Protein chains: 2
Amino acid sequence: MPNTGPAPDPADIARIRRFNRAVTREAGALDASFLGRGRPLGAARALCAIGRDGRDVSAVRAELGLDSGLMSRLLRGLEAEGLVTLAPDPADRRRRLARPTAAGLREIAAYDRLSDRRAEALLSGLGRTAPALLAAMDLVATALLHDRTEIAEADPAAPAARACLAAYYAELARRFEAGFDVTLSRDPAAPDMRPPRGSFLLALSDGQPVGCVGLKGDGGPVAEIKRLWIAPSARGQGLARRLMAAAEARARALGITTLRLDTNRALAEAIALYRRTGWAEVPAFNDEPYAQHWFEKGLD
Amino acid sequence: MPNTGPAPDPADIARIRRFNRAVTREAGALDASFLGRGRPLGAARALCAIGRDGRDVSAVRAELGLDSGLMSRLLRGLEAEGLVTLAPDPADRRRRLARPTAAGLREIAAYDRLSDRRAEALLSGLGRTAPALLAAMDLVATALLHDRTEIAEADPAAPAARACLAAYYAELARRFEAGFDVTLSRDPAAPDMRPPRGSFLLALSDGQPVGCVGLKGDGGPVAEIKRLWIAPSARGQGLARRLMAAAEARARALGITTLRLDTNRALAEAIALYRRTGWAEVPAFNDEPYAQHWFEKGLD
DNA sequence: ACAATTATCTGACTAAAGTCAGCTATCATG
DNA sequence: CATGATAGCTGACTTTAGTCAGATAATTGT
């Protein structure tokens, strides 16, 4: 149901349209600068989407929204240029992993520099007003990305969920003082995070997974929150709060009355969120080696 | 010579790149919605660039950055669709003027509505945070359009000029200790700010007024600078200086040899600008109740 | 073991965008 | 009135992007 609020001010609409024009011009200029490296835009975008660390082809395809035939041809082109190598994914040999070669890394770095240089030019032309502009850009980006992020239940073994979990583990390994090895942790089995025992929720931004949370149950009235993670690119939008609220709602629907969670002291934002949203710190209720804090929340 | 200032913070660059991603998606979505009218994007853009009032072909071509052959073909297509008519420019019969037909006007309106609807959707999803977002978008747009801000003479009674003046009065009311009531002030009559007595200049960023200055004359060799104002989103770019320089140039062209102005002590940035640009503080030359400083500058 | 699904590749297309050389008509200038 | 510049038109291209219908191989569910 649109048009519930007051009718938008035409002057405000004009302001937004001016913004759109300003920004499409900027985007066009960036595209044009990308063209300067003697490669069509599609190929340049594909290379950048593969990134330094390499990625599986289907992820790139989903991000760029390309037809599989076109994607295949672009990769063939990049391969012929000696910029990427393709190898079957050992985990699923239908998939292929694209990795940049040394030359590919150089090209990616060159494209990054082009982006950076535009950003620098913008910043340096501003002087003392730069912080205000950056804050404004953050606000706009957050607003534009906000309504595109939706929360959906997924199977914890589905590729999107596994991608989130892999990124989550990698981040824990970076952030925990002692590193992180999932095999030493109380890793929940997938069936405990599937209905009717539990649930696994993904935050999807335009189809891309940008966050997750697990609800691990055992059929009884007490369940645990696990694996709360937000992609770096999606932080600062209150997404963790939305995911937690969705997990609580799902738990209620599954007849769960008490939620628990354990967490590591390195995860300060998460701990702050739990405290802000009605979780009470309680004594350790398990022997999770990576946990220093335990929380509980009643769902009534 | 770039790289003079301090090296930009990589985190700031990352923020800009996040902004770019958010915004190019938005632009892509708008393009996709334009495609829904059964016309390739190039033709749709050309039609919208022609606009309601029609335009000469070379102006459209310059705006869209198209090859003359391509432009010609796009126009031929629009003509065949019955959306535009082409006629030689009476002033220079090499040029051609494109004007929308009635059907063309309807199509332009339809494209406008598509843009408007996206803007409305964004606004309505925001509620009370809308003003902050709009201000942020203005700031970003102004920064990106920085080099496209142009100064044009306007009638002081035109809507864009009145909008600037209203914003100026509102700001004075906020900033002056005693508030501001325009009826108590020495408000210049509009004819004194029109050629040949004076002038009224607007700073236009992509069509939106973002600043103004008035030159109030009485036909003699002495004129006053009035109503210097820059929209908050456009500050910090040296626009006030550009507007003042343009006003001085206009004054010279009108045969004025001495400029004066009065101002309030609350307008510190303006006073600093006057001091920096060759204005000399002089004793009060009028009884403006809101003024504490009077300046004069000779134009030789 | 079997069918269904999934990821990718290939060939054969089309549409859109863009380039380029040469043409004509008009205009500005000496 | 010749000269050169300018604006636009046309035909003959190329490149880029994108679509679609199979083919193939690997995986999943039963």
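**Surface near DNA strand C and cysteine pairing**

By class, the surface near DNA strand C holds 10 charged, five polar and five nonpolar residues. The model is predicted. Of the 20 residues around the strand, those that come nearest are Arg73(A), Arg76(A), Arg96(A), Arg93(B) and Arg94(B). On the DNA side, sugar and phosphate make up 64% of the atoms of strand C that come within 4 Å of the protein.

Bases are also reached by side chains of chain A. An N or O atom in the side chain of Arg73(A) is 2.6 Å from a base oxygen of DNA strand C. For Ser68(A), a side-chain N or O atom is 3.3 Å from a base nitrogen of the strand. Arg94(A) places a polar side-chain atom 3.1 Å from a sugar or linking oxygen of DNA strand C.

Both chains give elements with two or more residues at this surface. In chain A these are α3 (57-64), α4 (68-80) and β3 (92-100). In chain B they are α2 (41-50), α4 (68-80) and β3 (92-100). The most comes from α4(A), with five residues.

Cysteine pairing was examined next. The count of disulfides over all chains is zero. Cys212(A) is in no disulfide, and the nearest cysteine sulfur, that of Cys164(A), is 4.6 Å away. Cys212(A) counts as buried because its relative accessibility is 0%. In chain B, the sulfur of Cys164(B) lies 4.6 Å from the closest cysteine sulfur, in Cys212(B), which is too far for a bond. The cut-off for a disulfide is 2.5 Å between the sulfur atoms. Cys164(B) has 2% relative accessibility, so this residue also counts as buried.

Technical notes:
Residues are numbered from 1 along each chain as its sequence is written. Chains are lettered from A and ligands numbered from 1 in the order in which they are written. This is a predicted model: local features need pLDDT of at least 70, side-chain atom pairs count only at pLDDT 80 or more; totals for chains, interfaces and linings use all residues. Side-chain values use heavy atoms; hydrogens and water are left out. A residue is near a molecule or strand if one of its heavy atoms lies within 4 Å of it. A polar contact is a pair of N or O atoms within 3.5 Å; within protein, one must be able to donate a hydrogen and the other to accept it, and residues adjacent in sequence count only if both atoms are side-chain atoms. Helices (H or I, at least four residues) and strands (E, at least two) are DSSP runs, numbered from the N terminus. Ala, Val, Leu, Ile, Met, Phe, Trp, Tyr, Cys and Pro count as nonpolar, Asp, Glu, Lys and Arg as charged, and the others, Gly among them, as polar. Buried means under 20% relative accessible area, exposed over 50%, partly exposed in between (1.4 Å probe, protein chains only).
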